[in-house]
Amino acid sequence: MCVAGYGLASATAARAELPGVAASASQPEVRLGVYRSLCGVRFAARRSDLSVPERAEATRIVSPRFIRHAHAAGFKVQVWTVDEEADMRGCWNGASTD
């Protein structure tokens with residue numbers, strides 16, 4: 001099981017109430033991770049996973065660089081359903097699958 005909340009307040013409350021349960025980063029935390037990755041700055045480590053869409057409007061969220069940075073900071077990355085094989089390969093090429 002992995003709990004998730006879109007907003008920071010709900011994600012923080014869920015983590016506080018369920019400290020032993022996997023929790024996804026909130027939308028603001030994911031956004032910060034994307035910006036940091038684009039700038040080549042490492043993610044800040046915290047106890048959560050990243051459950052993310054492949055894209056958010058025109059912004060590509062999942063890329064090999066994003067996944068490498070997330071894994072280096074100790075995050076697990078869970079990508080929302082990717083329907084096309086070519087899109088899936090674009091998400092993971094060059095990224096560690098550990």
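Let's start at a small landmark: just after helix α3 comes Gly74, a residue with a positive phi, near 90°. Keep in mind as you look around that this is a predicted model. Helix α3 itself covers residues 64-72, and its buried residues are Pro64, Phe66, Ile67, His69 and Ala70.

Now step back to take in the whole chain. Its secondary structure amounts to 4 helices and 6 strands. If you follow the sequence from beginning to end, these elements appear in the order β-α-β-α-β-β-β-α-β-α. The protein chain has 98 residues, and 34% of them are buried. Its accessible surface is about 6,100 Å², with carbon and sulfur atoms holding 55% of that area. How are the contacts spread along the sequence? Among contacts with a separation of 6 or more, 56% are between residues 24 or more positions apart.

Next, have a look at the charged pairs. The whole structure contains 2 salt bridges. One of them joins Arg15 and Glu29, whose closest N and O atoms are 2.6 Å apart. This pair links distant parts of the chain, for Arg15 belongs to helix α1 (residues 8-17) while Glu29 sits in helix α2, 14 residues apart. Are these two partners buried or exposed? Both Arg15 and Glu29 are buried.

The other pairing brings together the side chains of Arg60 and Glu54, with an N to O distance of 3.5 Å. Why do these two residues fall into separate classes of exposure? Glu54 has a relative accessibility of 16%, so it counts as buried, the cut-off being under 20%. Arg60, with 28%, counts as partly exposed, because that class lies between the 20% and 50% limits.

Finally, let's visit the largest pocket, which holds about 410 Å³ of space. Its lining is made up of 18 residues, and those nearest the centre are Gln27, Val30, Pro53, Ala56 and Ile61. Which parts of the fold supply the lining? Helix α2 (27-38) and strand β3 (50-52) each give at least two residues, and the largest share, 5 residues, comes from α2. Helix α2 is therefore a good place to pause, as it also carries Glu29, the partner of Arg15. As for the character of the pocket lining, 11 of its residues are nonpolar, 6 are polar and 1 is charged.

Technical notes. Residues are numbered from 1 along each chain as its sequence is written. This is a predicted model: local features need pLDDT of at least 70, side-chain atom pairs count only at pLDDT 80 or more; totals for chains, interfaces and linings use all residues. Side-chain values use heavy atoms; hydrogens and water are left out. On a 1 Å grid over the protein atoms alone, a cavity is a set of points where a 1.4 Å probe fits but cannot get out, and a pocket is an open set with protein on both sides within 12 Å along at least five of seven lines; lining residues have an atom within 4 Å of a point. Grid points are joined across faces, edges and corners, and a volume is the space filled by probe spheres set on the points. Ala, Val, Leu, Ile, Met, Phe, Trp, Tyr, Cys and Pro count as nonpolar, Asp, Glu, Lys and Arg as charged, and the others, Gly among them, as polar. A salt bridge is a side-chain nitrogen of Lys or Arg within 4 Å of a carboxyl oxygen of Asp or Glu. Buried means under 20% relative accessible area, exposed over 50%, partly exposed in between (1.4 Å probe, protein chains only). Contact means heavy atoms within 4.5 Å. Accessible areas come from the Shrake-Rupley method with a 1.4 Å probe; for residues, only the protein chains shown count as cover.
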